[in-house]
Amino acid sequence: MIKQTLAAALVAAFSLGSLPAHAQLFGGDNEARRAILDLRTKTDNLQQSKAESSALLNLQNQNDELRQEINRLNGQIEVLQNEVSNAQQRQKDLYVDLDNRLRKLEPQQIQVDGQDAVVQQSEQSAYTNAENLFRAGDYKGAAAAFTAFLQRYPDSAYAPSAQYWIGNAQYAQKDYRAAITSQQNLIKKYPDNPRAADAMLNIASSQMELKDRAAAKKALEGLVWKYPNSPAAQTARERLVNLK
């Protein structure tokens, strides 16, 4: 289109060279000038249109580049958002794990021998481990574990029970004299503990194993007198009948 217009302009310019010969075709110089001005106007318009088209093309290219850049940035934002989300989840998991660990270290309120008590987690674990040894039949290991427990936690709510199981572990190993001493220590230190009646019964059993019937009878009578309503006292009454 631009080439055709330029060609027309050249033709017109060429024609102007021969205007004197063709003055009648243009109706004089004024018509020729108007034709030239009109041609120049069209040419300028075409050049302006070309410039505008070029500008529009540049804008379109810039828009395409901007879209690509926006898409690239959106991809980076999505990656960053995913990383932030993962970091937040890891942080949340860390806090939950830390909270659980701290809770395990906090004292726990439990019931020991029917009484409310507060114990440390390490304290409870040590007692449970010793108790498991006894249940597994490792009486020597259990006696040593309960003894170590009392040394570490002498004022524990588990202390009376630990002392009682030491006596039972010694009895199971047929160390009857040691069992009597351990149970006597329990009765002396914790006379009101529910384990005391059972400790007296264990003393009587140990004395029977030692063939000391008189001492066994005395222990059973003391049990009935001191703890008359306990299950151990009922067992003691039954044994006293056999000792007559």
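**Close-up views of a predicted model**

**View 1. The low-confidence stretch at residues 10-14 of this predicted model.** Over residues 10-14 the pLDDT stays under 50, and for this stretch the model has one contact beyond four places in sequence. Where pLDDT is low, the predicted coordinates should not be read in detail. For the protein as a whole, the mean pLDDT is 83, and 83% of the residues reach 70 or more.

**View 2. The order of helices and strands along the protein.** The protein has 10 helices and two strands, and from the N terminus on these elements follow the order α-α-α-β-β-α-α-α-α-α-α-α. Among contacts between residues at least 6 apart in sequence, 43% join residues that are at least 24 apart.

**View 3. The largest nonpolar core, with 39 residues.** Within this core, Y127, F146, F149, L220 and L223 are the residues that touch the most other members. At least two core residues each come from the strand β2 (115-119) and from the helices α4 (121-135), α5 (139-152), α6 (159-172), α7 (176-189), α8 (195-209), α9 (213-226) and α10 (231-243). The largest share, seven residues, is supplied by α8.

**View 4. The surroundings of L223, a member of the largest nonpolar core.** When residues up to four places away in sequence are not counted, L223 touches A197, M200 and L201, and also P228, S230, A232, A233 and A236.

**View 5. Buried residues and exposed surface of the protein.** Of the 244 residues, 28% count as buried, while the protein exposes about 17000 Å², of which carbon and sulfur atoms supply 53%.

Definitions and conventions
Residues numbered from 1 in each chain as written. Predicted model: local features only at pLDDT ≥ 70, side-chain atom pairs only at ≥ 80, totals over all residues. Heavy atoms only, no water. pLDDT = per-residue confidence, 0-100. Contact = heavy atoms within 4.5 Å. Core = buried A, V, L, I, M, F, W, Y, C linked by side-chain atoms within 4.5 Å. Buried < 20%, exposed > 50% of the residue type's maximum accessible area, 1.4 Å probe, protein only. Helix = DSSP H or I, 4+ residues; strand = E, 2+ residues; numbered from the N terminus. Areas by Shrake-Rupley, 256 points an atom, 1.4 Å probe, with all protein chains shown as cover.
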